[in-house]
Amino acid sequence: MPRRFVDLSIYLENDVISDPPAFAPKIQYFNHQNSFEQMAPFFPGLQQSDLPDGEVWAVEMVQLSTHNGTHLDAPYHFHSTMDKALGDKKPAWTIDEVPLEWCFQPGVKLDFRHLADGYVVTAADVEAELARIGHTLQPLEIVVVNTRAGSRYGHSDYVSAGCGMGYEATMYLLERGVRLTGTDAWSWDAPFVHTAQRYAQTHDAGLIWEGHKAGRDIGYCHLEKLHNLEALPPTGFTISCFPHKIRGASAGWTRAVAIFDEEAPATGG
């Protein structure tokens, strides 16, 4: 059976807005001409001209947060404990402890591109979208949310674009056995600039990161800064998003991919 792959990941790159400036990745590139000083100490007496075509190696030095690029957040990122609502409160898992079976499952896409920037998605919104696409959630399905932010990647308003998933919406998914979710926005929650306005009016700290904090009650993971979700149908694909294995970390970078198993064309006999 032939397979088709759809890349759901953004680039790690300089000078493209994917994070607030203080958290941006920094990549230093060494090419085949300017990296000789790295090689020379290994081979005393070597001259660059001695090498074939005078070329050395290409290598990059990268300064990153575990939350740069498309990445998978572990329950430990959200809170120090998880699974309180399940009667099994325990230390939250770090990224190296996340079950691998969570990271390779059938995918479901919810389309919330029509919702305003900063809107907090409710359980009713999730239920209505599932009804629209005619899908009943199954345990361990990976649910990804297509927001307006996906179209703003690389633009100055990317970090503040898109709706966010509220506590009730997140719990709606988790209570039905979903353990891994994702968004094409900078955050699973509503952008901070919008939450800050609501907090200034109410002084209710429970509004801050409310979707993330659902992990206190039921441990889960989510992907952030996905890309190309508009290319996906509501269902009919598998998502692969195994994270980099960083000991004790709150997140790991991932090359998230949607996989379509397609019927081979019929051949004449």
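**A guided reading of the predicted model**

Leu 140 is partly exposed, with a relative accessible area of 27%. This value, like every other one below, is computed from a predicted model. Leu 140 lies in the loop that connects helix 3 (123-133) with strand 9. Its phi is positive, at about 75°, although the residue is not a glycine. The general background is that most residues other than glycine have a negative phi.

A second residue of this kind is Asp 83, whose phi is near 70°, again a positive value in a residue other than glycine. Asp 83 sits in the loop between strand 5 (81-82) and strand 6 (90-91). Is Asp 83 buried or exposed? Asp 83 counts as buried, because its relative accessibility is 8% and the cut-off for burial is under 20%.

From these two loops the description turns to the chain as a whole. The protein chain contains five helices and 15 strands. Its C-alpha atoms fill a box of roughly 70 × 70 × 40 Å along the principal axes. Of its 269 residues, 48% count as buried. Among contacts between residues at least 6 apart in sequence, 75% join residues at least 24 apart. The accessible surface comes to about 13,700 Å², and 54% of that surface belongs to carbon and sulfur atoms. The chain carries 20 positive and 34 negative side chains, and the centres of these two sets lie 5 Å apart.

How are the strands of the open sheet ordered? Nine strands take part, in the order 1-15-13-7-9-11-12-4-14, and their pairing is mixed. At the edges stand strand 1 (3-7) and strand 14 (251-253), each of which pairs on one side only. From one strand to the next, the twist averages 30°.

Strand 7 illustrates the mixed pairing. With strand 9 (residues 142-146), strand 7 (residues 104-111) pairs in the parallel sense over five bridges. Within this pair, Asp 111 has Asn 146 of strand 9 as its bridge partner. With strand 13, by contrast, strand 7 pairs in the antiparallel sense over four bridges. Here Gln 105 has Ile 239 of strand 13 as its bridge partner.

Strand 13 (residues 237-240) can be followed further across the sheet. Three bridges join strand 13 to strand 15 (residues 257-261), and the two run antiparallel. Ile 239 stands opposite Ala 258 in strand 15. In a regular strand, side chains alternate between the two faces of the sheet. In strand 13, Phe 237 and Ile 239 point one way, whereas Thr 238 and Ser 240 point the other way. All four of these residues are buried.

The last element to consider is helix 4 (residues 167-174). This helix is mostly covered, with six of its eight residues buried. Which residues of helix 4 are buried? They are Ala 169, Thr 170, Met 171, Tyr 172, Leu 173 and Leu 174. The elements covering these buried residues include strand 8 (120-121), strand 10 (164-165) and strand 11 (180-183). Helix 3 and strand 9 also belong to this cover, and they are the two elements that flank the loop holding Leu 140. Strand 9 thus appears in several parts of this account: beside that loop, paired with strand 7, and in the cover of helix 4.

Definitions and conventions: Residues numbered from 1 in each chain as written. Predicted model: local features only at pLDDT ≥ 70, side-chain atom pairs only at ≥ 80, totals over all residues. Heavy atoms only, no water. Pairing = 2+ DSSP bridges. Axes fitted to C-alpha atoms, helices over the stretch in contact; angles between N-to-C directions. Buried < 20%, exposed > 50% of the residue type's maximum accessible area, 1.4 Å probe, protein only. Contact = heavy atoms within 4.5 Å. Areas by Shrake-Rupley, 256 points an atom, 1.4 Å probe, with all protein chains shown as cover. Lys, Arg positive; Asp, Glu negative; His and termini not counted. Charge placed at Lys NZ, Arg CZ, Asp CG, Glu CD.
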